[in-house]
Amino acid sequence: MGIQGTEVAKESSDIVILDDNFASIVTVLNWGRCVYNNIQKFIQFQLTVNVAALVINFVAAVSAGEVPLTAVQLLWVNLIMDTLGALALATEKPTKELMDQKPVGRTKPLITNIMWRNLLSQAIYQIVILLTLQFKGETIFGVTSKVNDTLIFNTFVLCQVFNEFNARKLEKKNVFEGIFSSKLFMGIVGVTLVLQVVMVEFLKKFADTERLNWREWIICIGLASASWPIGFVVKLIPVSDKPLLDFLSLKKRL
């Protein structure tokens, strides 16, 4: 106890309750789990962005000799996703459901099997759809090479915006639960969309893009929004509680 406890007791204790109220322990645990959960959300979200961008540019560079996402565009994606994305996911408030979860040991991996399932499914979808646009986009939509590159860039950014909603809930299928109570999250998503519109429509020389018409914007939004049903279906797939690294080490032993 921080108030009634003796100095000797406080010095030899691991935890000191400053206000002598045992209910404070519950609050501390809830916020601690919330911070840990928010870190996991952002890691899942950020790894999805990085894996998709790396594979898309690598495959396109090896096969076609050119990359669909320029250095400025990748810098823009990292800028808005690292700063605004982190702010949106890291400011989620604690919920009562966090206290129903099992405690996490200090030796447990930060990236769980559930996170691997979620991020790989989204990354694979983004890779498939963007590589399809890279090699067949001009033929499918009847656009020029410059407009097709802009479609790839815009679809990639919008995929991250829609996937940001998926990252709010690691296990729950309903990612919109409590969405309107998180005003900061919605505000950041709105700012991200506005900045992306400005980037595509008004900063053509800086971003190396072309203006898109309504039809092309609808195509980008439609392709990106598919991440919501994919995220829902993927969460129906059960995963093992055993860490992925344990399976890999077991195979090495065998």
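Begin by selecting helix 2, which gives the most to the lining of the largest pocket, with nine residues. The model on the screen is a predicted one, and every stop on this tour should be read with that in mind.

Keep helix 2 (23-64) shown and add helix 4 (113-141) and helix 6 (183-201), since each of these three supplies at least two residues of the lining of the largest pocket. The space they help to line amounts to about 1,500 Å³. Next, select Asn37, Gln40, Gln101, Leu170 and Glu171, which, among the 46 residues that line this pocket, lie nearest its centre. If you then colour the lining by residue class, you should find 15 nonpolar, 14 polar and 17 charged residues.

Now move to Asn38, which also has its place in helix 2. Is Asn38 buried or exposed? Its relative accessibility is 5%, and because buried means under 20%, Asn38 counts as buried. Show the residues around Asn38 and, leaving aside its neighbours within four places in sequence, you will find it in contact with Leu89, Ala90, Thr91 and Glu92. With Ala90 there is a closer detail to pick out, for the side chain of Asn38 reaches the backbone oxygen of that residue at 3.3 Å.

Finally, select Ser12, in the loop between helix 1 (7-11) and helix 2. Ser12 has a relative accessibility of 60% and counts as exposed. Polar atoms of its side chain lie 3.0 Å from the backbone oxygen of Val8 and 3.2 Å from the backbone oxygen of Ala9. To end, draw a distance from the C-alpha atom of Ser12 to that of Ala60, 48 residues apart along the chain, and the separation is 60 Å.

How values were computed: Residues numbered from 1 in each chain as written. Predicted model: local features only at pLDDT ≥ 70, side-chain atom pairs only at ≥ 80, totals over all residues. Heavy atoms only, no water. 1 Å grid on protein atoms, 1.4 Å probe; cavity = no way out; pocket = protein on both sides within 12 Å on 5 of 7 lines; lining within 4 Å. Points joined across faces, edges and corners; volume = space filled by probe spheres on them. Helix = DSSP H or I, 4+ residues; strand = E, 2+ residues; numbered from the N terminus. Nonpolar A, V, L, I, M, F, W, Y, C, P; charged D, E, K, R; others polar. Buried < 20%, exposed > 50% of the residue type's maximum accessible area, 1.4 Å probe, protein only. Polar contact = N/O pair within 3.5 Å; in protein donor to acceptor, adjacent residues only side chain to side chain. Contact = heavy atoms within 4.5 Å.
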